[in-house]
Amino acid sequence: MCTLTFIPTSAGYHLGMNRDERPERELANPPKIFHDAEDSYAYPFESSGGTWIGVSHSGLCVALLNISLAEP
């Protein structure tokens with residue numbers, strides 16, 4: 001299961017997340033900075049290109065969490 005940690009600080013916040021780790025899942029690539037014409041972005045990624053958390057230079061943060069809505 002993925003977890004997201006949000007810690008407010010006097011200067012903003014710290015954001016941390018773990019990725020859903022299955023033993024057979026490949027290791028992720030460390031975060032890298034990417035640029036386009038409008039902004040810069042930093043995020044870790046899998047070799048397939050997918051990611052689960054990212055942040056932009058303009059301050060936008062996004063995170064993808066898995067959730068099960070099925071009853072136990």
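1. How many bridges pair S4 and S5, and in which sense do the two strands run? There are two bridges, and the pairing is antiparallel. Before you go further, keep in mind that you are looking at a predicted model. The points below start with the sheet as a whole, then go through it strand by strand.

2. The overall layout comes first. Four strands make up an open sheet, and reading across it gives the order S3-S4-S5-S6, with antiparallel pairing. The strands at the edges are S3 (29–35) and S6 (61–63), each with a pairing partner on one side only. From one strand to the next, the twist averages 15°. If you trace the side chains along a strand, here is a handy rule: in a regular strand they alternate between the two faces of the sheet.

3. Now for S3 and its partner. S3 pairs with S4 (residues 40–45) in the antiparallel sense, and five bridges hold the pairing. The two strands form a hairpin, with four residues between them. How many of the seven residues of S3 are buried? The number is zero, so this strand lies largely in the open.

4. Have a look at histidine 35, which sits in strand S3. Across from histidine 35, in S4, stands serine 40. Their side chains also make a polar contact, at 2.7 Å. Is histidine 35 buried or exposed? Its relative accessibility is 61%, and since exposed means over 50%, histidine 35 counts as exposed. For a sense of distance, try glycine 16: it is 19 residues from histidine 35 in sequence, and the two C-alpha atoms are 22 Å apart in space.

5. The aromatic residues deserve a paragraph of their own. The model has three aromatic pairs. In one of them, the rings of phenylalanine 34 and tyrosine 43 have centres 4.6 Å apart and planes at 15°. Why is that pair called stacked? Planes under 30 degrees apart count as stacked, so an angle of 15° puts this pair in that class. Phenylalanine 34 and tyrosine 43 are both partly exposed, the former at 25% relative accessibility and the latter at 24%.

6. Phenylalanine 34 has a second ring to deal with. Together with phenylalanine 45 it forms an edge-to-face pair, with 5.9 Å from centre to centre and 70° between the planes. Phenylalanine 34 belongs to strand S3 and phenylalanine 45 to strand S4, so this pair ties together parts that are eleven residues apart in sequence. Phenylalanine 45 counts as buried, because its relative accessibility is 18%. Put the rings together and you get one aromatic cluster, made up of Phe34, Tyr43 and Phe45. While you are at phenylalanine 34, note its bridge partner in S4, which is tyrosine 41.

7. Next, alanine 42, also found in strand S4. Which residues does alanine 42 touch, if you don't count those up to four places away in sequence? They are Lys32, Ile33, Gly54 and Val55. Alanine 42 counts as partly exposed, because its relative accessibility is 24%. Proline 30 is twelve residues from alanine 42 along the chain, and their C-alpha atoms are separated by 9.9 Å.

8. Moving on to S5, serine 56 is worth a click. This serine lies in strand S5 (residues 53–56), and its bridge partner is tyrosine 41. Leaving aside neighbours within four places in sequence, serine 56 is in contact with Asp39, Ser40 and Tyr41. Is serine 56 buried or exposed? Buried means under 20% relative accessible area, so at 9% serine 56 counts as buried. The side chain of serine 56 also makes a polar contact with the side chain of serine 58, at 3.0 Å.

9. Last stop, S6. Three bridges join S5 to S6, and these strands run antiparallel. One facing pair to find on screen is valine 55 with cysteine 61, the latter in S6. S5 and S6 form a hairpin with four residues between the strands, and in that hairpin glycine 59 takes a positive phi near 105°.

Definitions and conventions:
Residues numbered from 1 in each chain as written. Predicted model: local features only at pLDDT ≥ 70, side-chain atom pairs only at ≥ 80, totals over all residues. Heavy atoms only, no water. Buried < 20%, exposed > 50% of the residue type's maximum accessible area, 1.4 Å probe, protein only. Polar contact = N/O pair within 3.5 Å; in protein donor to acceptor, adjacent residues only side chain to side chain. Contact = heavy atoms within 4.5 Å. Pairing = 2+ DSSP bridges. Axes fitted to C-alpha atoms, helices over the stretch in contact; angles between N-to-C directions. Phe/Tyr/Trp six-rings, centres within 6.5 Å; stacked < 30°, edge-to-face > 60°.
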